[in-house]
Amino acid sequence: YRQRGLTHAQQGDLDAAIDDYTQAIALAPADVATYINRADARLAKGDYLAAMADYTNALERDPTSVAVYLKRAELRQQAGDLEGAVADYTQAIRFDPTRVEAYLHRALLRQSRQETAGAITDYTRVLELAGDDQDDLRWTAQVNRALLRSQAADLVGALADYTEALR
């Protein structure tokens, strides 16, 4: 059922895919991948609550899945649950402390919540971890850290960040 569900999803028949994933889960309720597949299909259909439930079910079966924490964090953020989103990004970082995008998204959320020190720490970590092929992430972290430093009256640090961002 899971493989057929994947084929339905590839063909754009999300309802049939969800039906097959549901059958697969009934037969193998411990199969984390099927919960994720069904969540992705439900998300594509705009059924955010059902997708959230499936991501949560996947995490109950595999509480170390960084990819699922990232997906659920994004959903929580879209739903306005910023605290839940920060918690999920934190869990993703806990299980993969090199995941640059988790630090960046958590920093952006912390910044929006006026958690300046935490945001600066996360932006700093992005700058430490981002590879040469991640200039967009580095630039975003650099500019936002500069802004926060400026607001915190760390003008020397802000100028250094702005200067680096312009390079």
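Start by selecting Trp139, which sits in helix α9. This is a predicted model, so treat the tour as a walk through computed coordinates. Is Trp139 buried, exposed or in between? Colour by accessibility and look: Trp139 is partly exposed, because its relative accessible area is 49%, and a residue has to pass 50% to count as exposed. Now add Asn37 to the selection and draw a C-alpha to C-alpha distance. The two residues are 102 positions apart in sequence, and the distance between them in space is 33 Å.

**Zoom out to the whole chain**

Switch to a cartoon view. The protein has 10 helices and 0 strands, so reading along the sequence gives the pattern α-α-α-α-α-α-α-α-α-α. Turn the C-alpha trace onto its principal axes and it spans about 60 × 30 × 25 Å. Of the 167 residues, 42% are buried. If you build a contact map and keep contacts with a separation of 6 or more, residues 24 or more positions apart account for 35% of them.

Next, show the surface. About 8900 Å² is exposed, and 51% of that comes from carbon and sulfur atoms. For the charges, mark the 19 positive and 26 negative ones; their mean positions lie 3 Å apart.

**Into the core**

Hide the surface and pick Tyr89, Tyr123 and Val126. Within the largest nonpolar core, which has 36 residues, these three touch the most other members. Helices that give two or more residues to this core are α3 (32–44), α4 (48–61), α5 (66–78), α6 (82–95), α7 (100–112), α8 (116–129) and α9 (135–151). In soluble globular proteins, nonpolar side chains tend to be buried together.

Stay on Tyr89 and show its surroundings. Which residues does Tyr89 touch, leaving aside those up to four places away in sequence? They are Leu70, Ala73, Glu74, Gln77, Ala102, His105, Arg106 and Leu109.

**Along α4**

Select α4 by itself. Its 14 residues should span 20 Å at 1.5 Å a residue, and the end C-alpha atoms are indeed 20 Å apart, so expectation and model agree. Show side chains for Ala50, Ala51, Met52, Asp54, Tyr55, Ala58 and Leu59, the buried residues of this helix. Bring back α3 and α5 to see what those buried residues pack against. An α-helix has 3.6 residues a turn, so residues three or four places apart point the same way.

**On to α5**

Repeat the length check on α5. For its 13 residues the expected span is 18 Å; the end C-alpha atoms are 19 Å apart, which agrees. The buried residues here are Val66, Val68, Tyr69, Leu70, Arg72, Ala73, Leu75 and Arg76. What do they pack against? Display α3, α4, α6 and α7, and you have the partners. Just past the helix, select Gly80: it follows α5 and has a positive phi, near 90°.

**Two loop stops with positive phi**

Finish with two residues that are not glycines. Gln114 is in the loop between α7 and α8, and its phi is positive, about 65°. Gln114 counts as exposed because its relative accessible area is 65%.

Then jump to Ala153, in the loop between α9 and α10 (155–166). Ala153 also has a positive phi of about 65° without being a glycine. With a relative accessibility of 64%, Ala153 is exposed.

Key: Residues numbered from 1 in each chain as written. Predicted model: local features only at pLDDT ≥ 70, side-chain atom pairs only at ≥ 80, totals over all residues. Heavy atoms only, no water. Core = buried A, V, L, I, M, F, W, Y, C linked by side-chain atoms within 4.5 Å. Buried < 20%, exposed > 50% of the residue type's maximum accessible area, 1.4 Å probe, protein only. Helix = DSSP H or I, 4+ residues; strand = E, 2+ residues; numbered from the N terminus. Contact = heavy atoms within 4.5 Å. Expected span 1.5 Å × (residues − 1). Areas by Shrake-Rupley, 256 points an atom, 1.4 Å probe, with all protein chains shown as cover. Lys, Arg positive; Asp, Glu negative; His and termini not counted. Charge placed at Lys NZ, Arg CZ, Asp CG, Glu CD.
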